[in-house]
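Visitor: I would like to learn how to read this model feature by feature. Where should we start?
Guide: With the structure on display, and then with its interior.

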Amino acid sequence: MIRKILVANRGEIAIRVMRSCYEMGIHSVAVYSTADRMSRHVLFANEAECIGGAAGSDSYLNIDHIIAAARKHNVDAIHPGYGFLSENAEFARRCEEEGFIFIGPRPETMEEMGDKISARRKMKEAGVPVVPGTEEPLASVEEAVKVAKEIGFPVMLKASMGGGGKGMRLINSEEEVAEMYNAAKNEAMAGFGDDTVYIEKFVEEPHHIEFQVLGDKHGNVVHLFDRECSVQRRHQKVVEESPSPFIDYNLRMEMGAKAVAAAKAVGYVGAGTIEFLVDKYHHFYFLEMNTRLQVEHPITEEVVGVDLVKEQIRIAAGYPLHFKQEELRQHGHAIECRICAEDAEHNFMPSPGVITQLTEPHGIGTRIDSYVYEGYEIPVHYDPMIGKLIVWATTREYAIERMRRVLYEYKITGLTTNIRYLRRIMDVPDFKNGDYNTYFIERNEEWMRPRSGFKNDSEQMAVIAAYIDYLMNIEENQPDTAAYNSSAINRWRSFGLQKGVLRV
C-alpha cells in the first residue's frame, strides 16, 4: 500500500499530483526551494520540507536533499512530475536503493530510451517505423557530410541525449554541415553533458503527433490515443489538442498499435509517450519516447476519461491495469494552451513579477491546472509557465469557440503573459481549419502579430472605465465639498488631462 507520496517537483504539476493523491486518500509531501516558500503547492500539501536554495541545482535537482526529505517524512513513494529529475535514471535507481517506490519506469528503460540512437535501434527491432538516418554516433564532420549526401538533403542533425530542440540543426546543403555539426555538438555538451550527435532525413511539412501509453508490471500495455502537438515555437509546444485533426481512424489505429509495440519492446512500466512525425502523405515515423508524464496529459484525460496520475500510482503499487484496449474510447475534443509569464511582443522574454490581479475563467468544459494566486510573485529561477488552460467540447469547432471565450475571460495583471498571443492563434484560419503542421507559427506571422486599434486596446479601456466607476462610487459617499475637491477621481482627472491620457 502507498500511504504517503513525496512530490519531487514544484508548481502546477506538483498540485496536479497532490490532487489525485487527496482523492485516493494518500498523504502528500511537498518539497520546495527558498524561492518557493509561498508557492501554492507548499500550501496544498499535507506536509512540506525546504530542500535548498533557489537554484534548481541546490533544490529540485539535488538528489541527496530530496532523498533526505523523503526519509524525514517517512514516505512510501516518490513522484517526480515532469522536468527536473523526472527522466533521471540515477534518481530513479537511488529511490529504489533507499527503499522508496519510484512512480515511473525502470531506470534501465529511461537509459535505453533517453539515448536517441539506442531508441531508434530498439524501435527498428520492434517493427516501428523510424526516420532514415544513422544507427551509430557520428565521428567527424567528414562522416556527417558522407551520410547526409547518401540520405539526401535536407537532413536534421540531432543530439543523442537531446530534447526540447537543443542540439538540433536543420542542414540544407553540404556547405552548412561543418558549422552545424560543431554548433550542435557544443550545444549538446552544454545542455546534456554528452556531445554525441546523429543524422536523420528531414521530414517535410511534418506533424508532431504523440500517443499516450500505460504499462503495468504484469506485461499489459494500452494506448490512450493521440495528441496533436504541432503548434510549436522553436520546438517548444504552445497549443495541443486531442484528437488530431490530421489523422483518420485507420491511421490512428495503426499508430496506436505501433505505440503499444514500442512500449512492449522495452518492457515499459508506468505512463509514457511515444512521439511520431507524420509527413504530408500520412507516413509516420518514431521520433522519441518520453519516459514520464507529459505537460499536455490533461487533454488525454479529458477525451478518454482516465486520471493518468491515479493510474501511475496504482501501477507503481503493483496493481494491473483495470481496463483493456477495446474498452477505451475518445469522446469529444480537448485543447490545451500553455499560459506563460513571458512577453510575446518582445521575443518571448520571461516576465516574472507579482500578480496583482487574477481572474480565472469558469464554465462548462473548462479546466485550469495552475499554481498562482493574487499577490504571488513568479520567481525568476524557473520555467515561465504558470499554468495550463484546458477546454473540452463535443466537437473541435465548439472546443475552439470555448477556448476563445475562456482566453478572453482569463485576466492576469502585474506582469506580462502570452494570453493575447494565444487568442490570436485561435483566430488563424489554418488553425480553425485544422490545416497546419510544425511550421504553423512561421507561416502565419502576419496573423500572429498584435493588431492595433480599438479591438486591441479594449481591455485597457475596460479596466480604466471600471476604475473610474469605482472612484465615482467612493465620491458619492463624500460628506462635503472640500473632501470632493481633494478626492481621488478629481486628482486622477486632473492628472489625466495634464498628461493627455484622457481622450473622450
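Visitor: Which residues of the largest nonpolar core touch the most other members?
Guide: Bear in mind that this is a predicted model. Val239, Ile425 and Phe431 touch the most other members of the largest nonpolar core, which has 41 residues. Two or more residues of this core come from each of β11 (236–242), β14 (333–340), β21 (385–393), α12 (396–409), α13 (419–427) and α15 (440–443).

Visitor: What is Phe431 in contact with, leaving aside neighbours within four places in sequence?
Guide: The partners of Phe431 are Val231, Val239, Glu241, Arg396, Ile400, Ile425, Met426, Tyr436 and Phe440. Apart from the core around it there is another one, of 38 residues, and Met18, Val222, Leu224 and Met385 are among them.

Visitor: How do I read burial along a strand, and is β14 largely enclosed or open?
Guide: Go through the residues of the strand and see how many are buried. For β14 the count is eight of eight, so the rest of the structure largely encloses this strand. Then separate the two faces. His333, Ile335, Cys337 and Ile339 point one way, while Ala334, Glu336, Arg338 and Cys340 point the other way, and all of them are buried.

Visitor: Which way does β14 run relative to β11, parallel or antiparallel?
Guide: The two strands run antiparallel and are joined by four bridges. Individual residues give the register: Ala334 in β14 stands opposite Ser242. β14 also pairs with β21, again in the antiparallel sense, over eight bridges. There, Arg338 has Lys388 of β21 as its bridge partner.

Visitor: What is the strand order in the open sheet of five strands?
Guide: The order is β3-β2-β1-β4-β5, and the pairing is parallel. To find the edges, look for strands that have one partner. Here β3 (47–52) and β5 (101–102) each have a single partner strand, so one side of each is left without a neighbour in the sheet. At one of these edges, β5 is joined to β4 (residues 77–79) by two bridges, with the strands running parallel. Ala77 stands opposite Ile101 in β5.

Visitor: How many salt bridges does the structure hold?
Guide: There are 38 salt bridges. For each pair, read the distance, then the place of both partners in the chain, then their exposure. Take Glu23 and Lys310, whose closest N and O atoms are 2.7 Å apart. Glu23 is in helix α1 (residues 11–23) and Lys310 in helix α11 (residues 308–316), so this salt bridge ties together parts 287 residues apart in sequence. Glu23 is exposed because its relative accessibility is 57%, over the 50% limit. Lys310 is buried because its value, 16%, is under the 20% limit.

Visitor: Where in the chain are Arg94 and Asp64?
Guide: Their side chains meet in a salt bridge, at 2.8 Å from N to O. The pair links distant parts of the chain, with Arg94 in helix α4 (residues 89–97) and Asp64 in helix α3 (residues 63–72), 30 residues apart. Asp64 is partly exposed, at 46% relative accessible area.

Visitor: Are Asp226 and Arg252 buried or exposed?
Guide: Both are buried. They form a salt bridge whose closest N and O atoms are 2.6 Å apart. It ties strand β10 (residues 221–233), where Asp226 lies, to helix α9 (residues 249–265), where Arg252 lies; the two residues are 26 apart in sequence. Elsewhere, shared partners join salt bridges into one network of Glu210, Arg227, Lys237, Glu240, Glu275, Glu296 and Arg338.

Visitor: How many disulfides does a search of the whole structure find?
Guide: In general, a disulfide is a covalent bond between the sulfur atoms of two cysteines. The search finds zero here. Cysteines can still be read by their burial: Cys95 is buried at 0% relative accessible area, and Cys229 is buried at 0% as well.

Visitor: Where does Val380 lie?
Guide: Val380 is in the loop between β20 (377–378) and β21. Val380 is exposed, with 60% relative accessible area. Its C-alpha atom is 8.2 Å from that of Gly353, a residue 27 places away along the chain.

Visitor: What is the mean pLDDT of the protein?
Guide: The mean is 90, and 89% of the residues reach 70 or more. Next, look for stretches with low values. Over residues 494–504 the pLDDT is below 50, and beyond near neighbours in sequence this stretch has five contacts in the model.

Technical notes. Residues numbered from 1 in each chain as written. Predicted model: local features only at pLDDT ≥ 70, side-chain atom pairs only at ≥ 80, totals over all residues. Heavy atoms only, no water. Disulfide = S-S within 2.5 Å. Buried < 20%, exposed > 50% of the residue type's maximum accessible area, 1.4 Å probe, protein only. Core = buried A, V, L, I, M, F, W, Y, C linked by side-chain atoms within 4.5 Å. Contact = heavy atoms within 4.5 Å. Pairing = 2+ DSSP bridges. Salt bridge = Lys/Arg side-chain N within 4 Å of Asp/Glu carboxyl O. pLDDT = per-residue confidence, 0-100.
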